[in-house]
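Dear colleague,

Please find below the structure I am handing over to you, together with its sequence. My findings follow directly after it.

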Amino acid sequence: MVSSMTGFGRDSIIEAGKSFVIEIKSVNHRYMDLNIKMPRVYLTLEERIRSVIKEKLNRGKIDIYINMKVFERTDVEAVLNKSLAESYVKCLKEIQESFDLRDDVSVINIARFPEVVNIEHKEEDVELIWEIIKKPLQGALDKHIDMRFREGAKLKEDLLLKCSNIEVMLKVIQEKSSTVVLEYKEKLENRLKEIIEDKNYDEGRVAMEIAIIADKSCIDEELVRLSSHISQIRDTLEMEEPIGRKLDFIVQEMNREANTISSKSNDLTITKNILQVKSEIEKIREQTQNIE
């Protein structure tokens, strides 16, 4: 199936007191350009994410966004500094006895002193987080790939239509090219007769010159190769593998043959049609830039 390099996929999950939303976006690019934006605390998972993506995608500028929201903090806990609390209590009792003050020492008072109760962050279980996020990652990737294939189907349809358009024009060129040499020979002979005013001239030499010109202006080989390249495009579009680079090469060769025909042609009909062929080839080239 033809796969475009343009796609989007999104999936989410809520688990372990956290919400994860994963989005995958891509546009065309000559190579694989993969960028991942995610919370710094999970950067150790980046290589695993890259491996998952590279198993399914081959080309494109791919951006992955992993957004997290916390609903329930399970990675923090309050820790009592018992020795410091005892020291505070001892000091407060000494103050009470020294100044004959009312004893109003309470738990809340002690807890308010600096560093008696500290909040500590527990190290997150990276393996657990990976088990959580790989589900929406795969879901977003599947949706992304599905969109690529849907876009690829449209590209394939358009490319096949353009190939058919080129074949119609090549048929006109083929029919016209078969009469061009004969027309040129007739015009040249008539012109020569006018110049020499019916005097004797070397018909063999004229025939040889015409043959040389005919050989230089013959476009049969180029037409055959162009038709062959169109067949190659059709065959390539049926392949079950990335075909973008192969299509790029075929289109380059098509453009080369079209340019050769254009340079050889001195017939208005052929020139008009080959310009249209070149226009269609350029449209094909632009479309193939989006194919993986």
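Strands β1 and β2 make a hairpin, with 2 residues between them. In the turn, Ala16 has a positive phi of about 55°. The two strands run antiparallel and are joined by 9 bridges. Within this pairing, Asp11 is placed opposite Ile22 of β2. Please note that the model is a predicted one, and that the values in this message were computed from it.

On its other pairing, β2 (residues 18–27) is connected to β4 (residues 60–70) by 10 bridges, and these strands are likewise antiparallel. Ser26 has Ile62 as its bridge partner in β4.

These pairings belong to an open sheet of 4 strands, ordered β1-β2-β4-β3, with mixed pairing. The edge positions are taken by β1 (7–15) and β3 (32–37); each has a single partner strand, so one side of each is left without a neighbour in the sheet. On average, neighbouring strands of the sheet are turned by 10° against each other, direction ignored. As a general point on such strands, side chains in a regular strand alternate between the two faces of the sheet.

Helix α1, spanning residues 46–56, lies across β2, β3 and β4. With respect to β3, helix α1 runs at about 140°.

As to aromatic contacts, searching the whole structure gives 2 aromatic pairs. One of them consists of Phe20 and Tyr42, whose geometry is tilted: the rings are 6.0 Å apart centre to centre, with 50° between the planes. This pair links distant parts of the chain, as Phe20 belongs to strand β2 and Tyr42 to the loop between β3 and α1, 22 residues apart.

Finally, I turn to the pockets. The largest pocket has a volume of about 210 Å³. It is lined by 15 residues, of which Met1, Ser3, Phe149, Glu241 and Glu292 are the closest to its centre. By character, the lining comprises 8 nonpolar, 2 polar and 5 charged residues. Which helix gives the most to this lining? It is α4 (residues 126–196), which supplies 3 residues.

Yours sincerely

Terms used
Residues numbered from 1 in each chain as written. Predicted model: local features only at pLDDT ≥ 70, side-chain atom pairs only at ≥ 80, totals over all residues. Heavy atoms only, no water. Pairing = 2+ DSSP bridges. Axes fitted to C-alpha atoms, helices over the stretch in contact; angles between N-to-C directions. Contact = heavy atoms within 4.5 Å. 1 Å grid on protein atoms, 1.4 Å probe; cavity = no way out; pocket = protein on both sides within 12 Å on 5 of 7 lines; lining within 4 Å. Points joined across faces, edges and corners; volume = space filled by probe spheres on them. Nonpolar A, V, L, I, M, F, W, Y, C, P; charged D, E, K, R; others polar. Phe/Tyr/Trp six-rings, centres within 6.5 Å; stacked < 30°, edge-to-face > 60°.
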